[in-house]
Amino acid sequence: MKRIVVLLVLLFLLTGFSFSADTIYQKSVLALYKSSEGQTKSENEIFFYLSRPFTEMGLKIVYWDIDRGLPGKSVTKYSRAVISWFRGPSMRNAEEYLTFLDGMFEDGKKVIVIDNFGAYQDRATGDYMQPLRLNSTLAKLGVMYHGDWTQDGSLLKIAYKDSEMVEFQGKQNIKDSAFFYKFIQSDREMDTWLSIRRTDRDYDPSPIIVTNRNGGFALSRYLYRVESGNVKLLLNVSKFLRQALFPKPKRQKIAVLAESNNEKALAVLGFTESVLKRSKIDYQIISTRDFRGMVPLDLTPFTSVGLILSSDNGLDPAILDTYLENGGSIVSLINGRYDKIAPYLGIKEQRRGIRNSTGYRFESGFFTGENITLEDRTVEWSPGWGIPVNNAKILATDYSRRFPLLWKAKVNNGNVLVWNWDNFVYGEFLGYILESFIYIQAVGVAATPALSIMYLDDWPLPMYNVVRNPLKITDTDFYTNMWWPEIKEILAIWKQPFSSYIIFNYNATTKPPFETGEFFVAKGNAPTKAAYEQLDAGIELGLHGYNHVSPTLQKSEINSFVWSSKSELEVGFTQAKNEWIRLLGEYSLPRTYVAPHNIISKDGLEVLHKVFPSIKSVSTLRAGEGEGETHDFGPYPDLPDIYMMPRMTSGYLLTSEIKSGIVSGIAGPGLWSHFVHPDDLFDPFRSNEKRWEELKGEFNSMFGFVRTNYPWLRPRNAYDGYRAMMEFDDTGVDFRFIGDDLVVNTSASGLIFRMRFDGKKIKSITGGTLLYSYKSMDAAVIQAEEPEVRVEFR
């Protein structure tokens with residue numbers, strides 16, 4: 001597959017990027033107080049008890065008297081969180097205050113409530129807030145208020161406590177606190193640090209000190225105690241703030257730190273987003289514009305971190321240092337020159353100079369499979385400036401083995417995986433990106449469509465009853481007596497369904513009148529008979545075109561003939577449709593389409609959809625071939641009824657490039673999508689001048705490679721593959737961790753996911769079936785049978 005950087009595609013890719021003008025990464029926290037309760041900027045509980053913890057986290061406090069009114073956008077935009085420590089329950093304009101907090105949540109800001117919520121009652125009217133309105137805000141912190149207040153300590157009992165969190169400088173004493181409201185849990189991933197049971201009621205304990213991904217909530221009377229005039233903090237405020245602002249990950253989530261003004265970095269980011277979305281992995285993009293507002297603990301919520309940075313300008317190395325010290329994992333996806341963060345990428349020193357490298361060799365153990373090794377002699381790439389530390393594990397080098405391409409290193413308590421090249425700007429390597437994140441995490445998991453799809457392009461095709469090199473028989477005899485029966489036999493042996501794509505002519509006609517005589521030249525009307533045979537056997541027959549001119553109005557290097565207008569293109573497609581109906585019947589109109597030369601423009605898609613509304617899936621390539629546009633898997637943005645199904649590999653030869661494409665396609669998008677032509681034998685480049693017997697042998701070897709390393713793939717034809725992809729797209733997935741267990745929640749049974757878990761073993765699987773367990777590495781593939789699958793490790 002030709003490696004081309006199509007930088008014009010960036011406009012297409014950028015539609016998915018989540019760079020924003022306002023950032024949640026700020027070094028300020030907005031602290032609210034009420035002057036009506038005797039609080040001032042320097043006389044309030046936040047100032048007294050929280051100043052030091054915030055300073056230690058690298059954050060400064062900006063105070064705001066809520067009695068002055070609500071802070072505006074010009075104030076809140078420079079804060080990452082809002083915190084309150086009110087003394088009383090009432091406030092002027094309490095309804096507006098709730099709306100203000102809702103806006104903070106929507107903007108991605110954290111909200112931390114300590115002591116009294118402060119807005120249970122509107123001070124101006126004396127009215128209490130309706131529980132439904134109050135709880136629409138409180139629920140975002142994981143709790144909902146249900147009243148049932150009592151101060152009778154004899155009715156109360158501690159149901160659960162985390163002593164390190166809630167007994168910091170003294171023991172909780174329920175008789176001294178003697179305070180209760182009924183709260184119910186509204187977030188299953190919320191952390192409860194203290195819960196109280198009312199013994200004269202039969203409902204669940206009330207969670208009163210909690211944190212979740214949106215912030216934290218800590219109820220009055222359980223926070224501190226005054227003894228002999230001294231305040232003893234019961235709440236470990238430093239730990240509470242860390243949990244509220246920087247929670248440890250409860251689900252798999254990846255942070256991607258990326259340059260926002262570098263074309264190559266943006267191309268890599270586009271492919272990274274593509275595979276993470278396709279694998280249903282949660283992620284967050286952090287732009288270089290965000291770096292100035294980040295503090296050392298900001299990466300704590302992520303199971304791994306990706307770097308797409310050509311330099312470390314603006315990035316505080318303490319951010320990576322802290323993350324790795326806490327056991328994090330980092331993947332660097334683009335080469336560069338790093339001055340400050342080099343030690344955190346396993347780099348011991350910088351090279352004096354660099355030169356381009358050629359080829360690669362990947363050792364076994366990096367790619368999921370049974371001891372897969374990959375090598376290539378021709379791929380060119382530019383290395384970075386870094387030299388890995390002596391104890392780094394070298395996973396790949398250039399072909400000569402002189403320059404490291406990929407290494408893994410232990411840094412602090414964490415692990416880093418460093419790609420020392422620039423080739424992720426090419427779409428054929430996108431699966432390597434996903435494999436990196438799955439590989440480096442303690443437990444890495446990805447959903448996968450798990451498909452193998454086979455396309456026979458240009459079949460049936462016009463045959464000319466002529467002898468062509470390297471054969472001594474006519475093309476018609478070869479196609480009908482050798483290629484067709486033998487390709488069917490190979491696919492049957494490997495139990496691989498297929499779809500074929502009829503082409504009526506190879507002329508370059510783009511203006512009426514359109515003729516179809518070529519299709520009927522063959523002896524015995526062989527192309528038509530082959531089409532009948534397929535339809536009678538239930539084999540899918542798709543459309544390749546009236547002729548082999550790509551449906552586009554734009555010329556390119558490989559597309560010298562183009563259609564001059566959409567109207568003429570419509571006439572051409574209509575000719576193909578009429579010919580199809582005449583020969584094969586309207587009942588069999590195609591449901592899938594392969595674009596000639598793998599090129600189709602928006603104009604072509606619009607005309608195709610108009611003439612052939614039966615066609616639901618269109619196939620091209622995953623990487624562009626000069627059209628300035630590439631297609632990812634999924635509905636075409638402007639024509640959602642058309643689903644794009646690009647192919648990753650082609651041909652009969654198991655070359656190093658094809659082997660790499662197979663691995664990348666299965667590791668990334670999650671499928672082996674492959675096509676061959678019946679006339680590949682006649683093309684010296686596509687056949688490498690090998691005989692048909694040799695091509696068959698390599699094709700069988702290709703299937704052997706796929707089935708050995710990926711026996712869990714589900715063989716499908718193109719239309720059934722499209723339907724499987726649609727079903728996969730519609731399936732919701734959540735990858736969570738409960739203790740050491742992996743919990744996968746899915747909206748549909750049948751979902752397949754793959755895992756890597758270096759150094760662990762699967763103890764049990766509940767709610768799912770083990771499809772395959774790799775013998776050569778700690779990796780497995782599981783299919784969900786229930787809405788929740790739990791994998792226990794040992």
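Is Phe-424 buried or exposed? At 1% relative accessibility, Phe-424 falls well inside the buried class, because that class takes in residues under 20%. The model you are looking at is predicted, so please read what follows as a description of that prediction.

**Where Phe-424 sits**

Phe-424 belongs to the loop that links β25 (414-419) with α11 (430-440). Along the chain, 314 residues separate Phe-424 from Ile-738, and the C-alpha atoms of the two are 34 Å apart.

**The whole protein**

Stepping back, the protein has 794 residues, and 59% of them count as buried. Its C-alpha trace spans about 105 × 60 × 50 Å along the principal axes. The secondary structure comprises 19 helices and 43 strands.

**Strand β27 and its partners**

A good place to begin a tour is strand β27, residues 451-456. Six of its six residues are buried, so β27 is largely enclosed by the rest of the structure. In a regular strand, side chains alternate between the two faces of the sheet. Here, Leu-451, Ile-453 and Tyr-455 point one way from β27, while Ser-452, Met-454 and Leu-456 point the other way. Both sets are buried.

Strands of a sheet pair through backbone hydrogen bonds, in either a parallel or an antiparallel sense. The table gathers three pairings of β27, with one bridge partner for each.

| Partner strand | Bridges to β27 | Sense | Residue in β27 and its partner |
|---|---|---|---|
| β35 (residues 671-676) | six | parallel | Tyr-455 and Phe-675 |
| β36 (residues 714-716) | three | parallel | Ser-452 and Pro-715 |
| β28 (residues 499-503) | two | parallel | Tyr-455 and Ser-499 |

Tyr-455 thus appears with two partners: Phe-675 in β35 and Ser-499 in β28. Phe-675 has another contact to look at, since the charged end of Arg-647 sits over its ring, 3.9 Å from the ring centre.

**Two open sheets**

Which strands make up the nine-stranded open sheet, and in what order? The order is β16-β15-β17-β18-β25-β24-β23-β20-β21, and the pairing is mixed. At the edges stand β16 (282-287) and β21 (374-381); each has a single partner strand, so one side of each is left without a neighbour in the sheet. From one strand to the next, the twist averages 20 degrees. Inside this sheet, β20 (residues 357-362) and β23 (residues 393-397) run antiparallel and are joined by two bridges. Phe-362 has Ala-396 of β23 as its bridge partner. The sheet also includes β25, the strand that precedes the loop holding Phe-424.

A four-stranded open sheet follows the order β37-β38-β43-β40, with antiparallel pairing. Its edge strands are β37 (733-738) and β40 (762-766), each pairing on one side only. Neighbouring strands in this sheet are turned by 15 degrees against each other on average, direction ignored. Between β38 (residues 741-746) and β43 (residues 788-793), which run antiparallel, there are four bridges. Leu-742 is matched with Val-791 of β43.

**Helix packing**

Two packed helices are described by the angle between their axes and the distance between those axes. Helix α11 comes after the loop of Phe-424, and its axis comes within 7 Å of the axis of α16 (residues 656-667), crossing at roughly 55 degrees. The two helices are therefore oblique to each other, and α11 passes α16 in a left-handed crossing.

How do α12 and α18 compare in these terms, and what angle do their axes make? The axes of α12 (residues 475-493) and α18 (residues 692-709) come within 11 Å and cross at roughly 20 degrees. That angle is under 35 degrees, so α12 and α18 count as roughly parallel. The crossing of α12 past α18 is right-handed.

**Aromatic contacts**

How many aromatic pairs does a search of the whole structure find? The search finds 59. One of them joins Tyr-181 and Phe-183 in an edge-to-face arrangement, with 6.5 Å from centre to centre and 80 degrees between the planes. Both Tyr-181 and Phe-183 are buried. Lys-182 has a ring contact of another kind: its charged end sits over the ring of Tyr-203, 4.1 Å from the centre.

Conventions: Residues are numbered from 1 along each chain as its sequence is written. This is a predicted model: local features need pLDDT of at least 70, side-chain atom pairs count only at pLDDT 80 or more; totals for chains, interfaces and linings use all residues. Side-chain values use heavy atoms; hydrogens and water are left out. Buried means under 20% relative accessible area, exposed over 50%, partly exposed in between (1.4 Å probe, protein chains only). Two strands pair if DSSP finds at least two bridges between them. Rings of Phe, Tyr and Trp (its six-membered ring) pair if their centres lie within 6.5 Å; planes under 30 degrees apart count as stacked, over 60 as edge-to-face and the rest as tilted. A charge sits over a ring if NZ of Lys or CZ of Arg is within 6 Å of the ring centre and within 35 degrees of the ring normal. Axes are lines fitted to C-alpha atoms, for helices over the stretch in contact, and angles run from 0 to 180 degrees between N-to-C directions. Angles under 35 degrees count as roughly parallel, over 145 as roughly antiparallel, 65 to 115 as roughly perpendicular and the rest as oblique. A crossing is left-handed if the near helix is turned anticlockwise from the far one by less than a right angle, and right-handed if clockwise.
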